[in-house]
Amino acid sequence: MKLIIGVTGASGSRYALRLLEALKDKGIGRVLIMSKNGKAIAKHELGEEGVRRMRELSSEEYPNDLACPYISGSSKFDGMVVVPCSMKTLSEISIGYSSSAISRIADVALKEGRPLVLVPRETPLSSIHLENMLRASRAGAIILPAMPAFYMGPKGIDDLVDFVVGRILDVLGIENDLYRRWVGWAT
Ligand SMILES: Cc1cc2nc3c(=O)[nH]c(=O)nc-3n(C[C@H](O)[C@H](O)[C@H](O)COP(=O)(O)O)c2cc1C
């Protein structure tokens, strides 16, 4: 299995870092593509060391342009996660405006019927953002906002990140125990 991981310029690069770690643990291929803004914000949030770690954790890395070999429907990959997904990249994906490798591969995933998970992070949301999410969802994308739950009793930020990453793996059908699942009210 090989997944494309697109990292764009929304806050939350640590979700991408953790996803790359979890996929590596499972032996799943990880193609990393970072937008220019995604790289800048990851550097701000995780430091140079964090960005280096993301690169080390990927099995392949390409720039966010047409030099990336996965921009064609004939290329082999099993799905894509855009995490975090900026409102700008969401808007491109929602209207099929494929100006970058990330938005083009998302377009390919939708047209080929391969899983596409978008992890938007913005608040509050305008009606433009909401309509873009609805359009992408109707086209087949899974909209999985970076919205951690609190019912699993998180002890810190890592637990909140693991909840979101665990839910990404869940929707892709990848077994994981990254977070404590709800099993009913505690007795
Ligand atoms: C520090 C910082 C944080 C940002 N956080 C967000 C965010 O959480 N969500 C979002 O949609 N845009 C956010 N932006 C704005 C995007 O980075 C901007 O729209 C950019 O053009 C996105 O480009 P990209 O999608 O090609 O990466 C942020 C910008 C900065 C500088």
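## Asp170 and its partner Arg181

Asp170 has a relative accessible area of 21% and is therefore partly exposed, since the buried class ends at 20%. In this predicted model, Asp170 forms a salt bridge with Arg181, and the closest N and O atoms of the pair are 2.9 Å apart. Asp170 belongs to helix H6, whereas Arg181 lies in the segment after H6, so the salt bridge ties together parts that are eleven residues apart in sequence. Arg181 is also partly exposed, because its relative accessible area is 39%.

## Salt bridges within helices

The structure holds 14 salt bridges in total. Side chains of opposite charge can pair when their charged atoms come close. An α-helix has 3.6 residues a turn, so residues three or four places apart point the same way. Two salt bridges within helices are described here.

In helix H1, Glu21 forms a salt bridge with Arg18, with 3.0 Å between the closest N and O atoms. Glu21 and Arg18 are three residues apart, about one turn of the helix. Glu21 counts as partly exposed because its relative accessibility is 23%, and Arg18 is partly exposed with a relative accessible area of 22%. Arg18 and Glu21 also belong to one network with Arg53 and Asp162, joined by salt bridges that share partners.

In helix H4 (residues 101-112), Arg104 and Asp107 are three residues apart and thus separated by about one helical turn. Their side chains meet in a salt bridge of 3.5 Å, N to O. Arg104 counts as partly exposed at 23% relative accessibility, and Asp107 is partly exposed with a relative accessible area of 22%.

## Helix H1: span and buried residues

The 13 residues of H1 should span 18 Å at 1.5 Å a residue, and the end C-alpha atoms are 19 Å apart, which agrees. H1 is followed by Gly27, which has a positive phi near 70 degrees.

The buried residues of H1 are Ser13, Tyr15, Ala16, Leu17, Leu19, Leu20, Ala22 and Leu23. Their cover includes elements from several parts of the sequence, among them S1, S2, H2, strand S4 (79-85) and H6.

## Helix H2: a kinked helix

Helix H2 (residues 36-57) has 22 residues, and a straight helix of that number would span 32 Å at 1.5 Å a residue. The end C-alpha atoms of H2, however, span only 19 Å. H2 contains a kink of about 115 degrees, centred on Leu46.

Gly38, Ala42, Gly50, Val51, Met54 and Leu57 are the buried residues of H2. These buried residues pack against strand S1 (2-7), helix H1 (13-25) and strand S2 (29-34). H2 in turn is among the elements that cover the buried residues of H1.

## A nonpolar surface patch

Tyr151, Trp182 and Trp185 form a nonpolar patch on the surface. Together these residues have about 460 Å² of accessible area. Tyr151 is found in the loop between strand S6 (142-143) and helix H6 (157-171). With a relative accessibility of 46%, Tyr151 counts as partly exposed, because the exposed class requires over 50%.

Conventions. Residues numbered from 1 in each chain as written. Predicted model: local features only at pLDDT ≥ 70, side-chain atom pairs only at ≥ 80, totals over all residues. Heavy atoms only, no water. Helix = DSSP H or I, 4+ residues; strand = E, 2+ residues; numbered from the N terminus. Expected span 1.5 Å × (residues − 1). Bend = angle between axes of the 7 residues up to and from the residue. Buried < 20%, exposed > 50% of the residue type's maximum accessible area, 1.4 Å probe, protein only. Contact = heavy atoms within 4.5 Å. Patch = residues over 30% accessible without salt bridge, like charges linked within 9 Å, V, L, I, M, F, W, Y side chains within 5 Å. Areas by Shrake-Rupley, 256 points an atom, 1.4 Å probe, with all protein chains shown as cover. Salt bridge = Lys/Arg side-chain N within 4 Å of Asp/Glu carboxyl O.
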